[in-house]
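Student: I have a model to look at and many terms to sort out. Can we go through them one by one?

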Amino acid sequence: MEHQLLIYNTLTRRKEVFKPLHAPHVGMYVCGPTVYGDPHLGHARPAITFDLLFRYLKHLGYKVRYVRNITDVGHLEHDADEGEDKIAKKARLEQLEPMEVAQYYTNRYHEAMDALNVLRPSIEPQASGHIIEQIALVEEILKNGYAYESQGSVYFDVAKYNKDHHYGKLSGRNLEDVLNTSRQLDGQEEKHNPADFALWKHAQPEHIMRWPSPWGEGFPGWHCECTAMGRKYLGAHFDIHGGGMDLIFPHHECEIAQSVASQGDDMVHYWMHNNMLTVNGQKMGKSYNNFITLEELFNGTHPLLEQAYTPMTIRFFTLQAHYRSTVDFGNEALKAAEKGLERLMDAVSGLERVTPAKTSSVEVTPLRQKCYEAMDDDLNTPIVIAHLFEGAKMVNNLLAGNDTITAEDLKELKETFHLFCFDILGLKAEATSNAAREEAFGHVVDMLLEERAKAKANKDWATSDKIRNELTALGFEIKDGKEGTEWRLNK
Ligand SMILES: [Zn+2]
């Protein structure tokens, strides 16, 4: 079938038909993590959102080059060019090399994303490995007159740029709004204007992450890496740039300005942003005591959590909301998602037990079509999931014998479920935890031993011996004592 994929473009504020610049190739850049702490809930949402897009574009037949960067230098504690570098600070506190910190948390990020079944991007470039490209970008902007050097640092001249172009077109701001919200901070007297942002920062003597440049030793400004690396790996014009809504300003606005100031136009065709998440209705943050890492979620160790939630529950829960809506994490909602996911996975496994009949009393073909329509409408996963639940009802009716299905229709139904649940939504079947399984099997053995006790009481030696012998043959050691019968598994 012909697909007309609509995606919402933050820049134009409307849904647009997705037309790649060089079909069948698609270039997609997503801002990745700053690797100075354990991956948390806030990392899961953009990763899952753009993984969904990556999977869907590939399914539609595009050859996707997906670039997601690792920020390991230049991201200061406060976004407004002040404070310590996040990675350098962690390195100082933990007495590690900055690159040790970056590597450790990159590995931790990968482990968590693998658990969430998030596919690895095609290229995962590090900011520290692209200093040369970032210096070249700063030189171009300087040459075009949109930046100035000040005491070994280079700043972007926002006022000058705004005379020729619109600074704020992505976030819908104008320079006056920006100026009104820019704080006048210590050490900012180097700037001509508080709205200016750093392209290159002069390194203070204590700063350990530093590189030589035409302006002395220093390090790149945070916004430079995405412009420089996006251009290097995807070209001067590429299709999609994504990230969380919190990155629209200043990060993506500054990326647009850097791109226009260096090459004359914007590199990106479609800007896509996922909405934010709250925890029990509150913004997530270290100061609110509701900052939950993914490991704490998977183990249930955070005080706000009533239980552990599997990575697939988190993934399913995230996809139950449209990526442009907010998501509120809370125990009740997560437990409901856990049940919903179980229902869906039961339907997928239930399909294997359906016996085909000569005729179908169900209509299976519309399901695939309806799921595609929802995906094509700006990745409307809650609607896809609602259709899959309708399909699950159908499976239950087939299993209960209320409906019949032909072999051909059954094949179509299985394929549709597998395609949308696994390939596109990226869910996977999770084994019930070992502990829960062992507990359930243990109760079965207890039940058998109760039956044996009853048989003995009735002097039904044949039955009591049979139970004992068969359990022994399976590797169970049965010990009769004064307190009753004990057992253990000798395997
Ligand atoms: Zn970025």
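Tutor: Yes. Start with a pair of helices: the crossing of H7 and H8 is right-handed. Keep in mind that this is a predicted model.

Student: What makes the crossing of H7 and H8 right-handed?

Tutor: The rule looks at how the near helix is turned from the far one, by less than a right angle. Clockwise counts as right-handed, and anticlockwise as left-handed. H7 and H8 cross in the right-handed way, so the near helix is turned clockwise from the far one.

Student: What angle do H7 and H8 make, and how far apart are their axes?

Tutor: H7 covers residues 224-234 and H8 covers residues 248-263. They pack at about 55°, with axes 8 Å apart.

Student: Why is H7 called oblique to H8?

Tutor: Set the angle of about 55° against the cut-offs. Under 35 degrees would be roughly parallel, and 65 to 115 would be roughly perpendicular. The angle falls in neither range, so H7 is oblique to H8.

Student: Which residues make the contact?

Tutor: From H7 come Cys-224, Cys-226 and Thr-227. From H8 come Glu-255, Gln-258 and Ser-259.

Student: How many residues of each class are in the contact of H7 with H8?

Tutor: There are two nonpolar, three polar and one charged. Cys counts as nonpolar and Glu as charged, so Cys-224 and Cys-226 fill the first class and Glu-255 the last.

Student: What about H11 and H13? At what angle do they pack?

Tutor: H11 (residues 331-350) packs against H13 at about 50°, with the axes 9 Å apart.

Student: Why are H11 and H13 oblique to each other?

Tutor: Again, use the cut-offs. About 50° is not under 35 degrees and not in the range 65 to 115. H11 and H13 are therefore oblique.

Student: Is their crossing left-handed or right-handed?

Tutor: Left-handed.

Student: Which residues meet there?

Tutor: H11 offers Arg-343, Leu-344, Ala-347 and Gly-350. H13 offers Leu-388, Gly-391, Ala-392, Val-395 and Leu-399. By class they are six nonpolar, two polar and one charged.

Student: What makes Gly-350 and Gly-391 polar here?

Tutor: The class scheme does. Gly is listed among the polar residues, so Gly-350 and Gly-391 go there.

Student: Now the strands. In what order do the strands of the open sheet lie?

Tutor: The order is S7-S8-S9-S10, with antiparallel pairing.

Student: Which are the edge strands, and what makes them so?

Tutor: S7 (147-150) and S10 (218-220) are the edges. Each pairs on one side only. From one strand to the next, the twist averages 20°.

Student: How many bridges join S9 to S10?

Tutor: Three, and S9 (residues 197-202) runs antiparallel to S10. At least two bridges are needed for a pair, so three are enough. Lys-201 stands opposite Phe-219 of S10.

Student: Which strands does S11 pair with?

Tutor: S3 (residues 25-30) is one partner, joined to S11 by three bridges. S12 (residues 268-274) is another, joined to S11 by six. S3 runs parallel to S11, and S12 runs parallel to S11 as well. Met-28 stands opposite Ile-240, and Gly-242 stands opposite Met-272.

Student: What makes S11 mostly covered?

Tutor: Six of its seven residues are buried. For a residue to be buried, 20 or more other C-beta atoms must lie within 10 Å of its own.

Student: Why is Asp-378 not called buried?

Tutor: Asp-378 has 19 C-beta neighbours inside 10 Å. Buried needs 20 or more and exposed needs 12 or fewer, so Asp-378 counts as partly exposed. Asp-378 lies in the loop between H12 and H13, and its phi is near 55°, a positive value in a residue other than glycine.

Student: Is Asn-280 buried, exposed or partly exposed?

Tutor: Partly exposed, because 14 other C-beta atoms lie within 10 Å. Asn-280 sits in the loop between S13 and S14. Its phi is also positive, about 50°.

Student: Where are there cis peptide bonds?

Tutor: One runs from Ala-23 to Pro-24, with omega near 5°. Pro-24 is in the loop between S2 and S3. Another joins Phe-249 and Pro-250, with omega about 0°. Pro-250 is found in H8.

Note on methods:
Residues are numbered from 1 along each chain as its sequence is written. This is a predicted model: local features need pLDDT of at least 70, side-chain atom pairs count only at pLDDT 80 or more; totals for chains, interfaces and linings use all residues. Axes are lines fitted to C-alpha atoms, for helices over the stretch in contact, and angles run from 0 to 180 degrees between N-to-C directions. Helices (H or I, at least four residues) and strands (E, at least two) are DSSP runs, numbered from the N terminus. Angles under 35 degrees count as roughly parallel, over 145 as roughly antiparallel, 65 to 115 as roughly perpendicular and the rest as oblique. Two residues are in contact if their C-beta atoms, placed from the backbone, lie within 7 Å.
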